[in-house]
Amino acid sequence: MDHQRREVMRFATVFGLMASIGLIAPAQAEEWSRAAFAEKSLDEVFRVIGVNGADTSSALTFTAPEIAENGAVVPVMVSSSLRAEQIAILVEKNPNPLAAQFFFTARTEPFVAARIKMAETSRVYALVKAEGKWMMAVKEIKVTLGGCGG
Amino acid sequence: MKLNLKPIHLIQRISPRIVKRMTLNMLFALTLNVIFMLFSMNATSQEPSDAEFNAMLKRSLRAEGIAVMERMEQDATQALCSDPALIHSQAGKQTVDLIQQANLASIKPPSDGIYIGDWRRGEAIAQSGRGGTWADSGKERSGGGCYNCHQIDRKEIAYGTLGPSLWNYGKQRGDSKEVVTYTWNKIYNAKAYQACSSMPRFGHFHLLNQQQIQDLMGLLLDPRSPVNE
Amino acid sequence: MDDGSERNQGHVRRLWGLRMSNPMRIRAQENQGIVDVKILIRHDMESGLRKGEDGVLVPAWYIHTLKVETQGAEVFNAQFGPAVSRDPFVNFRYQGAKGDKLFVTWMDTKNDSRRDEVIVS
Amino acid sequence: MTASILRLSLGLLLCGSAVWVCAQSSTEDVTQYRDMLVDSNPAELYMAAGEEKWKTPHGPKQTSLEHCDLGLGNGKLEGAAAQLPRYFKDTDRVQDLESRLMTCLSQLQGMSEQSLIDAPFGEGPKKELDEIVAYVVSRSKGAMIQVSTQHPKAQAFYAMGKKAFYTQAGPYDFSCASCHSQDAKRIRLQELPNLTSPAGAAKAWGSWPAYRVSNGQFWTMQHRLNDCLRQQRWPYPVYGSDLTIALSMFMAVNANGGLYQAPGLKR
């Protein structure tokens, strides 16, 4: 890792300060969708993020473990053979199903990997919007106990 | 209910007649042990003395919550099983028998004569590994932590392998008086059959109460329990 | 900004808070025109559903937006809810070149934010 | 939408209806889970913070830890962690990494050792110590574990650690050996390293300290041992106490010849 270490420079985050005192909007391209993350069922999340029907597709690859030793960290990876505009990851049995969503530009490859929390064993949905249409994949991920449980 | 923290000396828990016979036997065995230990100490000359070792433990550990320092006072079973060289020695083998007898003699059958409880509650007890640590209050009932070491209901995939699989336990063994008594005894005091078993003595140290042991018995032996599907 | 106001004190706290946040760990490597970007962020990502040691719920506090810009244009925008793991990790790819300067910015629900930059290798 | 969810649920029955098939492949699946996690270890965040703390002058003498001797000379970090615990002449003690760093923090920067010992895990000065540990061990990554018992005190600590490893006590009759003296066993789904075998000890000793995903914390070996003893239902081990160092000595010497790969990533 050492040889790969970059000189990571930190800015005074003028941007953040400006955002905090309301001089500019927090994000210009895609504003954080508080509503989508607050919804409590899959269908409500679909409605808010504009999914009105999605089918499984071989163009979509969703990689996640069958078994997660701990629900606190569940690695997920989504990719597509079609250019993606948006990817969303939903956990059916979490109190708020939408875990994360990603917005891509024409330069972004249709690929994302992240780590999410799962409250319990649940189906996990990966949704990809490509060419204006949504497709999806679903996987059941078992959340187990790894250690003594004491 | 509070955990009984102080190690119980087995000798005090068995009938006077057996004590008399056993004390003599044990004294003989222990004398042999001491001779053996002195010999092995000279042989390797690296083993710390008990005084040194206990002083090290004393300055390194402190009481925290229910985890009091008295927990470091070993009973005869723990003292034997802390010495792997001794267990496999000639003197050790004799002590092993005595320790098993003493543990067996200390087991109490259920006071209401009921051996088989509710398997559903038993499953919950088998799942929970809580209790007995310095982070526990001692007010809540402990779990049995059975899945930590055993496969039980096959639907639970997160099971340990330190102990044997208990899947179909009752289906394979039936519910004869011998099987029921053996199972009760094994949960109550596993050291009755294997002096240095890794399994805690759940009844002996009051880690589980009578009701909880009955419920675990149900999980293992009730024909309706999913374990016996 | 008016001096001595509570609002001003708030900013002092925030400035201190900004100084305390840890730098992100960013790896960005180009291979055949595709830049692979891996970002690790030190953040507790409190969901608001977790009880602390005193048995009281720890208030929600998590990163809600992470964005990556290069040459004045955004190439990646992520929105998180409380179900993104503690110390978040994100991996994405874009069409770029060695020497690209990436600006990575996160913002959380207490309006804390942080911006780090990295040169693609 | 609902219709397509229903269609999908057919595929999901794979695991639900034939649970035992899933059970048989569970170990493979857990391997998949771990493989997906190893790529980016959040311990790197602690390493970066620790490097800054190592290099920044602190305390009344405004000294940085670059003058700290971890056994290979002042400020020499490369491979140092892979040779700990060791006997130190200046303190006339056998010390592990954490206790040695406490010596440096107190001697070089005037920090109170007691305040470090007393601080709760993951907070205040102990969190800073954790970060320094993360940085120091990262500079031994790939080194061979080489712990010496040449000094009589080091030899005595190994013997003491071995005795402690097999000592049963407490209401559960547990010793370290109860869980860590056999090959290929596990608790729940977690494999238990056999710390009495060179391979098992090397795998365990060589991958701690580690970032634990279950609680999102970086744990030093002192923290790891503290939680082992908690689960053993023993009394509380004092941070940096001789018992903890002796147990580390036992593990580290058994691990000699193995590869030091810390900081690791654990469940």
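Which residue is the bridge partner of V76(A) in strand 7 of chain A? It's A114(A), and the close-ups below start from that pair.

A quick word before the views: this is a predicted model, where local features need pLDDT of at least 70 and side-chain atom pairs count only at pLDDT 80 or more, while totals for chains, interfaces and linings use all residues. Residues are numbered from 1 along each chain as its sequence is written, chains are lettered from A and ligands numbered from 1 in the order in which they are written, and side-chain values use heavy atoms, with hydrogens and water left out.

**View 1. An open sheet of 6 strands takes in chains A and C.** Reading across, the order is 2(A)-4(A)-7(A)-5(C)-2(C)-1(C), with antiparallel pairing. Here strands (E, at least two residues) and helices (H or I, at least four) are DSSP runs numbered from the N terminus, and two strands pair if DSSP finds at least two bridges between them. Strand 2 (60-63) of chain A and strand 1 (25-31) of chain C are at the edges with a single partner strand each, so one side of each has no neighbour in the sheet. On average, neighbouring strands are turned by 10° against each other, direction ignored. Within chain A, strand 4 (residues 74-80) and strand 7 (residues 108-116) run antiparallel and are joined by 6 bridges.

**View 2. Strand 6 (residues 98-104) of chain A is largely enclosed by the rest of the structure.** That's because 7 of its 7 residues are buried (under 20% relative accessible area with a 1.4 Å probe, protein chains only; exposed is over 50%, and partly exposed is in between). Strand 5 (residues 84-91) of chain A makes a hairpin with strand 6 of chain A, with 6 residues between them. These two run antiparallel with 5 bridges, and I89(A) sits opposite A100(A). Strand 6 of chain A also pairs with strand 4 (residues 73-80) of chain C, antiparallel and over 5 bridges; there, F102(A) faces A78(C).

**View 3. Helix 4 (residues 43-55) of chain D lies across strand 1 and strand 2 (34-40) of chain C.** The helix runs at about 115° to strand 1 of chain C, with axes fitted to C-alpha atoms, for helices over the stretch in contact, and angles taken from 0 to 180 degrees between N-to-C directions. Contact means heavy atoms within 4.5 Å. Buried residues of helix 4 of chain D include L45(D), Y46(D) and W54(D). Among the elements covering the buried residues of this helix are strand 1 and strand 2 of chain C, plus helix 5 (97-109) of chain D.

**View 4. A disulfide joins C81(B) to C196(B), S to S 2.0 Å.** A disulfide is a pair of cysteine sulfur atoms within 2.5 Å, and by this rule there are 2 over all chains. The torsion about this S-S bond is about -85°, so the link of C81(B) and C196(B) is left-handed. C81(B) counts as buried at 7% relative accessibility, whereas C196(B) is partly exposed at 26%.

**View 5. A disulfide also joins C68(D) to C104(D), S to S 2.0 Å.** With 75° about the S-S bond, this link is right-handed. C68(D) lies in the loop between helix 4 and strand 1 (86-88) of chain D, and C104(D) in helix 5 of chain D, 36 residues apart. C68(D) is buried at 1% relative accessible area, and C104(D) is buried at 4%.
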